Amino acid sequence: MAVVRRDILRDDAARAAYIHGVRLLKHEPSSLTTGSFGIPGPSRPVYTYDLFVIWHVLAMNTAVPPGGDAGVRNAAHRGPVFLPWHRVLLRWLEAHLQRVLDDPAFGLPYWNWAADGSPAGPGGVANPAASPLWRNTPDGFGGQGAPVRGGAFAFRAADPTSFRVRIAANSSGALRQVTERGLVRRFGQSAPFGSPRLPRTADVASCFDPKADPSVTDYDRDPFDVSSHGLRNRLEGFVGPGLHNQVHLWVGGDMAPASSPNDPVFFVHHCNVDRIWEGWMRRNGRRYAPDMTAPDSLLGHRIDDPLVSPFAPADKPDTPRGVLDSTAVNSYDVLP
Ligand SMILES: [Cu+2]
């Protein structure tokens, strides 16, 4: 039975279960240590939640092609694999949440940020900081702060069970250990990009409107990087209204660098990105590019290339093709 992924702004039970599961994974030691990943400093256990942080940073530091510039294209971003790679990440997180919650029916909720980014009515002004997502109650995400001091992920110096950032990426992207630090969010302040706003409903609709951009009926196009036209790059946000990127920038703080999975809002953000991709595939077919005739310089981004992961068995790797149709595993209550 496919689990159903629901709107975290409308479903209190899904939000509460997600928060509870994240806290369990945040305190569950994995079999790996910081030493296993060559992270400097004393070797400490890596908790299951933090494996996702490390996995994301390592993929973002892996240039494609090898020896190239990870800022041009890397193993998870700035190229066609962006959407399937993050779909795989979400699937593994969802599976671990189902396990620790002992609930095989649990579906990862999504954050429909365009609802929070859109004005409530004609002539109105959006007020995303007032979204119920950020409530300071034990079943809310807390708002902004350095560190965040309210909600389920608040930092309390005297309480070692309160939420801690343990692994981060420094400015060069290298992994490092941090101790005794809480989560940081700075809404709408990410300089030097001016004052970023959350995307609006009309921005999401542009992914499905060939009149706005005829290329959106294609999944991705040559040169398969940040200059490409097509659905992938419009949704990733390097062309068009800046969709996915804009959400990272608006939340700011720990959502900005390569270690952005440190903020639990990362996964509900990406679940919404995945939902928009699913809405696109329902309209345009489960199409992907490039296929295996693409040159080795795109290794890791072609349809049958294995995706490097700390979770999948080596003889059964995830691939873009393997996740194009996920309807047997999960579905969305509402597609855009
Ligand atoms: Cu990412």
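Let me begin with a hairpin, formed by strands E4 and E5 with five residues between them, where glycine 173 in the turn has a positive phi of about 95 degrees. Helices (H or I, at least four residues) and strands (E, at least two) are DSSP runs, numbered from the N terminus. I should say at once that this is a predicted model, in which local features need pLDDT of at least 70 and side-chain atom pairs count only at pLDDT 80 or more, while totals for chains, interfaces and linings use all residues. Residues are numbered from 1 along each chain as its sequence is written.

Strands E4 (165–169) and E5 (residues 175–181) run antiparallel and are joined by four bridges, where pairing requires that DSSP finds at least two bridges between two strands. One such bridge links alanine 169 to leucine 175 in E5.

Leucine 175 also touches isoleucine 54, as do Phe37, Val46 and Ile167, leaving aside residues up to four places away in sequence; contact here means C-beta atoms, placed from the backbone, within 7 Å.

That brings us to the largest nonpolar core, which has 79 residues, and in which Ile54 and Trp85 touch the most other members. Such a core is a set of buried Ala, Val, Leu, Ile, Met, Phe, Trp, Tyr and Cys residues joined through C-beta atoms within 7 Å, and buried means that 20 or more other C-beta atoms lie within 10 Å of a residue's own, again placed from the backbone. Among the elements giving two or more residues to this core are H1, H2, H3 and E4, whereas the largest share, 10 residues, comes from H8.

Definitions and conventions. A residue is buried if 20 or more other C-beta atoms lie within 10 Å of its own, exposed if 12 or fewer, and partly exposed in between; C-beta atoms are placed from the backbone. Two residues are in contact if their C-beta atoms, placed from the backbone, lie within 7 Å.
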